[in-house]
Amino acid sequence: YITLQLFLFQRKEIKVIAFFSAISASIVSGYGFLQVVGVFPMPPDQYGTPNPITTFGLSNFAVEYLLTVFPIILAFAFIEKNIVMRVVFASSSLITFLYMVAAKNRAGWVGLITFIIFFLLIYLAHITRKVPLSRISKYLTLGVVGTSIFLFIFFTQTKFGGEMIARFKSFVQVGPGSSVSTRLLAWSGGLEMIKENPIIGVGGGNF
């Protein structure tokens, strides 16, 4: 919305941005997904665990880039009228979604869940402009119940679901070697650096 207001982009111009975003996302997530399924090797991250598309030992950089372009790709998959272009956007959306789920990246999962919730709310608001909420409430109820049952089975009966729960639990686990503990150390050190050098800092690796 801000882009439209400030730069007065036309839909064709936004579509060009979306198209190149779809191509780049397909390349990044496609290669990452092939790593996940074993076609290409996965290098170890800083903890020694195999991780797809590592940058400095992490998949965060690739996943967070994909989170920034996924919304516009998915939007054009819904609104594009040209069949060929719709297939391009839909295919890119699918492979990007699959990679972000399969990458086992917590930041990616949280971002994806947040986006899906807001996207569904926006889409629901769009639908209710034409169809009264009372008319679609039964379908919404079935959708919520069906999704809840699927998620319950997925998280309790599948190996990948169990791994996702374990990864989410590690968000709040504090102890030797945990990611929370290392972040607390980094933050406390960062605060000390700011107190001692509040204006110009000290430069990378000098504290």
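Thr96 touches Ala25, Ser29, Leu66 and Phe70, leaving aside residues up to four places away in sequence. One of these neighbours, Ser29, also takes part in a polar contact: its side chain and that of Thr96 come to 3.5 Å in this predicted model. As for its place in the fold, Thr96 sits in helix α4, which runs over residues 83-102. With a relative accessible area of 0%, Thr96 counts as buried, because the cut-off for that label is under 20%.

Helix α4 turns up again around the largest pocket, which has a volume of about 1,100 Å³. There are 29 lining residues, and those closest to the pocket centre are Ile116, Ile117, Leu120, Thr147 and Leu151. Two or more lining residues come from each of α3 (60-79), α4, α5 (106-128), α6 (133-157) and α7 (159-169). Sorted by class, the lining holds 26 nonpolar residues and 3 polar ones, with no charged residues at all.

Next comes helix α8, made up of residues 179-196. How does its length work out? Its 18 residues, taken at 1.5 Å a residue, should span 26 Å, since the expected span is 1.5 Å times one less than the number of residues. The C-alpha atoms at the ends of α8 are 26 Å apart, so the two values agree. Within α8, Ser179, Val180 and Ser181 are buried. Part of what covers the buried residues of α8 is α5, a helix that also gives two or more residues to the lining of the largest pocket.

Definitions and conventions
Residues are numbered from 1 along each chain as its sequence is written. This is a predicted model: local features need pLDDT of at least 70, side-chain atom pairs count only at pLDDT 80 or more; totals for chains, interfaces and linings use all residues. Side-chain values use heavy atoms; hydrogens and water are left out. Helices (H or I, at least four residues) and strands (E, at least two) are DSSP runs, numbered from the N terminus. Buried means under 20% relative accessible area, exposed over 50%, partly exposed in between (1.4 Å probe, protein chains only). A polar contact is a pair of N or O atoms within 3.5 Å; within protein, one must be able to donate a hydrogen and the other to accept it, and residues adjacent in sequence count only if both atoms are side-chain atoms. Contact means heavy atoms within 4.5 Å. On a 1 Å grid over the protein atoms alone, a cavity is a set of points where a 1.4 Å probe fits but cannot get out, and a pocket is an open set with protein on both sides within 12 Å along at least five of seven lines; lining residues have an atom within 4 Å of a point. Grid points are joined across faces, edges and corners, and a volume is the space filled by probe spheres set on the points. Ala, Val, Leu, Ile, Met, Phe, Trp, Tyr, Cys and Pro count as nonpolar, Asp, Glu, Lys and Arg as charged, and the others, Gly among them, as polar.
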